Every structure is written in structure tokens, then in C-alpha cells.
Amino acid sequence: MGRIRVLVVDDHRIFAEALAASLAAEPDVEVGAAGSAAAAERALERAAAEGRAYDVALIDADLGTEAAGARARSGAEPGEEARRRQAPTAPPPRRSAAPTPTTVARPADQLRPEQLRPDQLRADQLRAVSPPPDGITLLGRLRRAHPGLRAVVLATADDPHRAARALHAGATGWVAKESSLARLLAVVRGVLRDETHLPPALLTGVIRELTTARRDRTESERLVDTLTPREKQILRCMVAGLGRQAVAERLYLSPHTVRTHMQNVLGKLGVHSTLAAVAVARRAGVSPAEPAVPPSIASAP
């Protein structure tokens, strides 16, 4: 075997630099480092274009989650807090006469998550049906873009659920960050021999997670298969986050007809909300509806 090209992907700079230096001390290892998902994707694309593709990526399981968690706790996107500080304070509303009782649509911020459409969900609510972006999400993207790349997860804790996610995404190894260099090198060389490396303490839990996930997926697939072709179209639109009016315009149906189809979808899937239907659809592997093609493009010769 020739020299092994390894890319370390970790946003903890001190750890990444120390690990890269330790690996680079091995005579048969070349090392690169990336501190973010975007940097990792650029590094892999550049290396492939130069004919010097990386063999193994060591990816921090928690890549990017600390910054995202801080934003979630503050409830603000990047730059939002600064905009809040700069925004003028609105004067208090004037009191008016007693309002006439009337029935109005409740705003989205007064609804429970299960009453919302996917396009009305906040990021923290959407996590109920979609895992948060992290190193494992990146791993899946990298494996799809670079099928020959082996991916090993660097983790601070053994978590059977996340390890099962990583294997499903294409990982071939899971290593604790506090592991010795000898252990890490053994895993790197092992995955290049098409071996899968998991800590023994994780094995039973991972098998249980994979079995449960397969059972849940099979049941979800069975439920989705009970839908008519039109109801499957409706479900894909729901997965894409389209509301009733948008679905009606997309499929050239009346909003009333779309409402009826949506109710039928919920009934056949055995759920009571759009959010729960989207969760079943995603477990079954249902993809979102493709974006609509503008008429000017669709009619072009």
C-alpha cells in the first residue's frame, strides 16, 4: 500500500492540529485538515481535481453543533441579535375600544408544532422529523460525492443511535477522540481493507438500533404503499413543505380537493397532523416534490 492520504475534519482547532501533527509523523501518512463542512468539501474537490484524492476522512461527530446550539439557545440566527439591537423600539400600541368578538385564524406562533405545516416550523421544531446538521450529516454528503472515500467518525461519547446513523450514512468506523494514536491508525488502515470498526461496547446497541430502524422503515413503507398515486403526490408536496394553496396550484386542483386528499393521507398513515405524516414519509424514504418549473422555462423550445 502506498501513502495514505487522511483529511481531519474538526472545528476544534487545537485538537485538529494536534491530531494532524501526530498522524503526519507516520512515514506512510499524508494529512490535511478542514475546520468546517464547507472547507472539507472544498478540500476533497480540489484534491480529486488534482489527482490526489483523500483515502480516509476523520470527521468530528459534533462538527458545527456547538455554534448551532448557541444560536438555538438565543433564538437568533447569525447577525440577528445585532439587528435587534439596532432596531428602534416600537411605541406601545394605543388602547382601543373593546373588540367585536370574531373568529380569526390563529397565528403560527400560537399553534402547537403538530398543528403547523412543515414550512411554518421553526428550526428547533423541524428537528422532530429531521436530524440536526452535524458531522454525520456531512459524512453522508461526502460519501455520496466521493464514493471511494472511507469515513471514520471521531466521537466524544459512545452513542448507539448516532453510531447507527453514521453507519447508515456510509461510515466504516467509529473512534473515541481519547483513543490512542495506535488505535486510530489501526482503524484507518483497517477501513482501507474494507473492514468496519466499532468499539465492542457499542456493538449490541448499534445492532438493536439498526434492527429497530429497519422495522420502522418497513412499517412506514407499508403505510405509504396504501396511498393512491394522487395521495402519494400530495404526500411528496407535504414533505416539500407546501401548504394547501401551493399544492392546489402545483397539481391544478381546488384547495377543497387538496384538503380532502390531505385528510385521506393522514387517515391512511394513522396520524393526526401534517408533521407526523412527514415523519412517516421520511422514514419510508419518500422524497420531496421537485420544485415547480417556471412556465417560461417549461415552454422554451
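## A tour starting from I59

Select I59. Setting aside residues within four places of it in sequence, I59 is in contact with V9, G135, L138, L139, L142, A151, V152, V153 and L154. Keep in mind throughout that this is a predicted model.

**The core around I59**

Now add L7, V9, L138, V153 and W174 to the selection. Together with I59, these have the most contacts inside the largest nonpolar core, which has 29 residues. Colour by element to see where the core comes from: β1, α2 (37-49), β3, α6, β4, α7 and α9 each give two or more residues to it. The element that gives the most is α2, with five residues. Another core, of 25 residues, lies apart from this one; I234, V247, A248 and V278 are among its members.

**The sheet**

Hide the side chains and show the ribbon. The chain has 14 helices and five strands. The five strands form an open sheet, ordered β2-β1-β3-β4-β5, with parallel pairing. Why do β2 (29-34) and β5 (173-176) each have one side without a neighbour in the sheet? Both stand at the edges and have a single partner strand each, so one side of each is left without a neighbour there. Looking along the sheet, neighbouring strands are turned by 25° against each other on average, direction ignored.

Select residues 56-60 and 150-155 next. These are β3 and β4, which run parallel and are joined by five bridges. To find one of the pairs, pick V56, whose bridge partner in β4 is R150.

Then show helix α1, residues 13-24. Helix α1 lies across β1 (4-9), β2, β3 and β4, and runs at about 170° to β2.

**R5 in β1**

Select R5, which lies in strand β1. Is this arginine buried or exposed? R5 has 12% relative accessibility and therefore counts as buried. Its contacts, leaving aside neighbours within four places in sequence, are E30, A47, R52, A53, Y54, D55 and V56. V56 in that list is the residue whose partner in β4 is R150.

**Helix α7**

Move to residues 160-169, helix α7. Show the side chains of R162, A163, A164 and A166, which are buried. The buried residues of α7 pack against α6 (135-145), β4, β5 and α9. Both ends of the helix can be inspected in turn. At its start, a side-chain oxygen of D159 comes to within 3.0 Å of the backbone nitrogen of H161. After α7 comes G170, with a positive phi near 120°.

**Two loop residues with positive phi**

Select D194, in the loop between α8 (181-191) and α9 (200-225). Its phi is near 65°, a positive value in a residue other than glycine. D194 has a relative accessible area of 63% and is exposed.

Continue along the chain to Y252, in the loop between α11 (244-251) and α12 (255-269). Y252 is not a glycine either, yet has a positive phi of about 55°. With a relative accessible area of 76%, Y252 is exposed.

**E231 and N264**

Select E231 in helix α10, residues 229-239. E231 is buried, with a relative accessible area of 5%. Which residues does E231 touch, not counting those up to four places away in sequence? They are H261, N264, V265 and K268.

From that group, pick N264, which lies in helix α12. At a relative accessible area of 33%, N264 is partly exposed. Add L227 and draw a distance between the two C-alpha atoms: N264 and L227 are 37 residues apart along the chain, and these atoms are separated by 8.6 Å.

**The whole chain**

Finish by showing the surface. About 17,900 Å² of the chain is exposed, and carbon and sulfur atoms supply 55% of that area. Of the 301 residues, 36% count as buried. How many of the contacts between residues at least 6 apart in sequence join residues at least 24 apart? The share is 71%.

How values were computed: Residues are numbered from 1 along each chain as its sequence is written. This is a predicted model: local features need pLDDT of at least 70, side-chain atom pairs count only at pLDDT 80 or more; totals for chains, interfaces and linings use all residues. Side-chain values use heavy atoms; hydrogens and water are left out. Two strands pair if DSSP finds at least two bridges between them. Helices (H or I, at least four residues) and strands (E, at least two) are DSSP runs, numbered from the N terminus. Axes are lines fitted to C-alpha atoms, for helices over the stretch in contact, and angles run from 0 to 180 degrees between N-to-C directions. Contact means heavy atoms within 4.5 Å. Buried means under 20% relative accessible area, exposed over 50%, partly exposed in between (1.4 Å probe, protein chains only). A polar contact is a pair of N or O atoms within 3.5 Å; within protein, one must be able to donate a hydrogen and the other to accept it, and residues adjacent in sequence count only if both atoms are side-chain atoms. A nonpolar core is a set of buried Ala, Val, Leu, Ile, Met, Phe, Trp, Tyr and Cys residues joined through side-chain atoms within 4.5 Å. Accessible areas come from the Shrake-Rupley method with a 1.4 Å probe; for residues, only the protein chains shown count as cover.
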